[in-house]
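Reader: I should be grateful for a close look at one part of this structure, namely a helix and the strands that accompany it in the same chain. Please then set that part in the context of the model as a whole.

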Amino acid sequence: MIIFFQHIGQACLKSIEKLGRASLFFIAIISSIGYVLLRPNLLIKQLFSVGVLTFWLIAISGLFVGMVLGLQGVYTLSTFGAESSLGIMVAASLVRELGPVVGALLFAGRAGSALTAEIGLMKATEQLSGMEMMAIDPLKYIIAPRFFAGFISLPLLVAIFSAMGIIGGYLAGVELLHVDSGAYWSQMQASIDFDADIVNGMIKSIIFAWLVSWIALFEGYDAVPTSAGISRATTRTVVNSSFAILIFDFLLTALMFGVA
Amino acid sequence: MISIRNLTFSRGNRKIFDNISMQIMPHKITAIMGPSGTGKTTLLKLIGGQLKPDSGTILVNDQEIHQLSRRALYELRKKMGMLFQSGALLSDMSVYDNIAFPIREHTKLTKSMIRTVVLMKLNAVGLRGARDLMPSELSGGMARRIAMARALALDPEMILYDEPFTGQDPISLAVLVKLIKTLNQTLHLTSIVVSHDVEETASIADYIYLMSEGKIVGQGSPEELTQSDSEWVQQFMQGQADGPVPFHYPADDFSEELFAL
């Protein structure tokens with residue numbers, strides 16, 4: 001019985017220690033913002049590999065999620081004779097919830113896992129140590145530009161996801177199931193509130209961008225520098241990012257929409 | 001130039017170094033040798049300030065390396081080149097950019113001057129023609145020579161070599177041995193070579209420290225060590241399978257174990 005509690009205690013201590021290391025890591029990244037601003041080329045390169053290369057995954061996923069919403073929406077709303085409200089249903093679902101959450105989950109799977117594997121491999125092949133010995137801080141040169149690239153990219157990708165989803169909803173609802181086109185757009189325009197819906201959705205995406213980029217880079221930097229260690233770190237990035245996104249989504253939704 | 005005093009370092013419960021002291025002579029090649037797992041690479045990381053000792057001091061250029069601020073440590077590292085066992089070349093940069101990288105980061109030289117310096121370094125290691133290749137296109141020996149050129153990029157005063165001969169074919173091996181010796185003499189470097197390749201290292205080293213189980217078990221010039229009375233030194237220098245370092249990992253009696261039911 002004592003051994004059982006010892007194991008629990010050790011696991012808790014390890015988790016707290018890891019959270020402490022992750023916090024120091026984050027502070028080091030934030031304090032490198034000046035370095036990144038002085039070297040925009042580093043940031044632009046990472047914006048391409050983190051953001052642009054994730055574009056098609058986000059755009060195509062957004063389109064199909066929107067099409068499914070369109071189909072399901074028409075079938076559900078037609079029960080109440082409210083097909084004309086399809087536009088608002090699709091847009092509100094995407095802008096408030098599905099855009100930020102699904103967009104961030106896809107980003108964690110594509111860009112987050114790639115960041116962890118890249119940093120883990122750089123650690124395993126002594127590239128980070130090599131930089132240290134050349135008197136170049138890898139936190140500034142390697143980690144910080146990737147963090148800010150993720151932080152900038154995800155909110156933009158979420159906006160693209162939502163826009164593509166609205167187009168998908170239009171294709172399925174209006175073009176395929178003949179919902180009135182005017183009703184689709186006008187209901188959406190009249191009911192979607194800029195502050196309550198769009199701004200809140202963007203705030204969520206910014207917080208998810210911070211979480212996913214931080215988790216992915218820290219897991220890579222903290223990985224055991226072996227093939228098995230990098231594999232475990234990559235898995236942890238996807239699992240921990242997904243949990244963090246879903247938990248924070250609940251908390252943010254409760255704050256933004258739940259407590260009136 | 002480098003002075004190690006009463007150094008103790010542990011990993012978990014295992015003591016890697018137990019109160020060792022060393023003196024690295026300026027402008028000479030000092031070899032640190034010993035069987036695998038004796039902490040030779042760890043010693044280089046301690047000298048480079050990447051690890052902190054449990055106790056003891058390491059003085060580099062009369063500065064205690066583990067007491068330096070981050071800025072001062074980075075300034076000192078600019079005078080220190082290191083050749084990693086894996087080469088540690090940045091995989092997303094060409095050979096040229098790998099060598100130009102520290103120069104671009106630490107100097108304000110013009111593009112054409114950087115080009116001249118990079119070509120000089122590459123020429124010194126015989127790989128000027130390979131400047132446009134990517135690290136993935138290099139053989140093991142070539143990668144190590146490029147890493148050597150990069151370590152020399154900022155004209156350091158001292159250079160640390162981590163297992164430079166491991167896994168090399170005979171031609172690459174001869175090239176690396178010659179390069180280390182020639183560069184040391186021409187540039188008046190202070191070199192530390194960590195290795196377990198006895199013949200190659202002994203052929204270029206001015207002084208050798210032999211290490212085992214956290215202690216220095218022998219030291220002297222290659223000639224002195226060859227004539228040493230120590231059984232351990234003789235076993236290592238002559239590459240004998242059995243001796244003070246036993247062939248068998250500690251185990252129960254073999255015949256008893258075979259016939260045990």
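Author: In this predicted model, helix α1(B) is followed by G49(B), a residue with a positive phi, near 80 degrees. The helix itself covers residues 40-47 of chain B. Its buried residues are K40(B), L43(B), L44(B), L46(B) and I47(B); one of them, K40(B), is a lysine. When the helix is viewed down its axis, these buried residues occupy an arc of 160 degrees, and they therefore line one face of α1(B). A general property of the α-helix is relevant here: with 3.6 residues a turn, residues three or four places apart point the same way.

Two of the buried residues of the helix reappear among the contacts of L160(B). Sequence neighbours within four places being set aside, L160(B) is in contact with L44(B) and I47(B), and also with G48(B), M80(B), M82(B), L83(B) and I192(B). L160(B) and L83(B) are in turn among the residues with the most contacts inside the largest nonpolar core, together with A147(B), V212(A) and L217(A). This core has 133 residues. Its largest share, 18 residues, is supplied by helix α5 of chain A, residues 86-124. In soluble globular proteins, nonpolar side chains tend to be buried together.

The strands may be considered next. Chain B has an open sheet of four strands in the order β2-β1-β4-β5, paired in the antiparallel sense. The edges are formed by β2 (14-24) and β5 (63-64), and each has a single partner strand, so that one side of each is without a neighbour in the sheet. Further in, β1(B), residues 2-11, pairs with β4(B) in antiparallel fashion over five bridges. Within that pairing, T8(B) has S55(B) as its bridge partner in β4(B). Strand β4(B), residues 55-60, is also joined to β5(B) by two bridges, again antiparallel. Here V60(B) stands opposite Q63(B). The two strands β4(B) and β5(B) form a hairpin with two residues between them, and N61(B), in the turn, has a positive phi of about 50 degrees.

Another strand of chain B, β8 (residues 190-195), contains T190(B). This threonine has 23 C-beta neighbours inside 10 Å and therefore counts as buried, the cut-off for that class being 20 or more. Although 164 residues separate T190(B) from P26(B) along the chain, their C-alpha atoms are 5.1 Å apart. P26(B) is accordingly worth reading alongside the other contacts of T190(B), which, beyond four places in sequence, also include M1(B), I24(B), H27(B), K28(B), E157(B) and M158(B).

Chain A, which shares the core described above, has 10 helices and zero strands. Its C-alpha trace spans about 65 × 55 × 35 Å along the principal axes. Of its 260 residues, 44% are buried. Among contacts in chain A with a separation of 6 or more, 87% join residues 24 or more positions apart. Where the two chains touch, chain A contributes 10 residues and chain B contributes 15. By class, the chain A side of this contact consists of four nonpolar, four polar and two charged residues.

Definitions and conventions. Residues are numbered from 1 along each chain as its sequence is written. Chains are lettered from A and ligands numbered from 1 in the order in which they are written. This is a predicted model: local features need pLDDT of at least 70, side-chain atom pairs count only at pLDDT 80 or more; totals for chains, interfaces and linings use all residues. A residue is buried if 20 or more other C-beta atoms lie within 10 Å of its own, exposed if 12 or fewer, and partly exposed in between; C-beta atoms are placed from the backbone. Two residues are in contact if their C-beta atoms, placed from the backbone, lie within 7 Å. Ala, Val, Leu, Ile, Met, Phe, Trp, Tyr, Cys and Pro count as nonpolar, Asp, Glu, Lys and Arg as charged, and the others, Gly among them, as polar. A nonpolar core is a set of buried Ala, Val, Leu, Ile, Met, Phe, Trp, Tyr and Cys residues joined through C-beta atoms within 7 Å. Two strands pair if DSSP finds at least two bridges between them. The arc is that of the directions from the helix axis to the C-beta atoms.
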